[in-house]
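Hi,

Here's the structure I promised to pass on to you. Have a look at it first, and then read my notes below.

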Amino acid sequence: MVKNYILHNREECIGCGACASLDPKNWKMSSEDGKSDLIDSEKTEENYKKEINETEIDFNVEVAESCPVNVIHIYKDSEKQI
Ligand code: SF4
């Protein structure tokens, strides 16, 4: 079971570009609709999800904090950090 992961509520993304600018390894801006894509993520019911290592959590929390509409969420041991 995946316990450490990024969750992206893409529908609510306003395409500001902050995540892709801070972390181009995980995020890129879509040329189709201007929203960000979580690279190599899988689609769940409402979100996109990507597993991360425990060592990547702190940085990803920083990236999530940069999102002005709070649509990036980080889970550690299945607990929501942001
Ligand atoms: S920081 Fe948030 S609103 Fe901006 S592109 Fe990334 S997910 Fe979308």
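Before anything else, one term: two strands count as paired when DSSP finds at least two bridges between them. Keep in mind, too, that this is a predicted model.

With that term in hand, start at strand S1. S1 pairs with strand S5 (residues 48–51) in the antiparallel sense, over 4 bridges. If you want one spot to click on, try Leu7, which stands opposite Lys49 in S5. S1 also has a link to S6: the two run antiparallel and are joined by 4 bridges. Leu7 turns up again here, as its bridge partner in S6 is His73.

Now zoom out a bit. How many helices and strands does the chain have? There are 2 helices and 7 strands, and if you walk along the sequence they come in the pattern β-α-β-β-β-β-α-β-β.

As for overall dimensions, the C-alpha trace spans about 35 × 25 × 20 Å along its principal axes. The radius of gyration is 12 Å, which agrees with the value near 12 Å for a compact globule of 82 residues. Of the contacts with a separation of 6 or more, 51% are between residues 24 or more positions apart. Buried residues make up 23% of the chain's 82 residues.

What makes up the largest nonpolar core? It has 11 residues in all: Tyr5, Ile6, Cys19, Trp27, Leu38, Val63, Ala64, Cys67, Ile72, Ile74 and Tyr75. Strand S1 (5–8), helix H2 (57–65) and strand S6 (72–76) each supply at least two residues of this core. S6 gives the most, with 3 residues.

One core member to look at more closely is Trp27. Leaving aside residues up to four places away in sequence, Trp27 touches Cys19, Ala20, Ser36, Leu38 and Ile39. Two of those names, Cys19 and Leu38, are on the core list as well.

Last stop: the ligand. It is surrounded by 14 residues, and the closest are Cys13, Cys16, Cys19, Ser36 and Cys67. Which classes of residue form the shell around the ligand? There are 10 nonpolar and 4 polar residues, with no charged ones. You'll recognise Cys19 and Cys67 from the core, and Ser36 from the residues that Trp27 touches.

Happy browsing, and write back with any questions!

Definitions and conventions: Residues numbered from 1 in each chain as written. Predicted model: local features only at pLDDT ≥ 70, side-chain atom pairs only at ≥ 80, totals over all residues. Near = placed C-beta within 6 Å. Nonpolar A, V, L, I, M, F, W, Y, C, P; charged D, E, K, R; others polar. Core = buried A, V, L, I, M, F, W, Y, C linked by C-beta atoms within 7 Å. Buried ≥ 20, exposed ≤ 12 C-beta atoms within 10 Å, placed from the backbone. Contact = placed C-beta atoms within 7 Å. Rg over C-alpha atoms; globule rule 2.2 N^0.38 Å.
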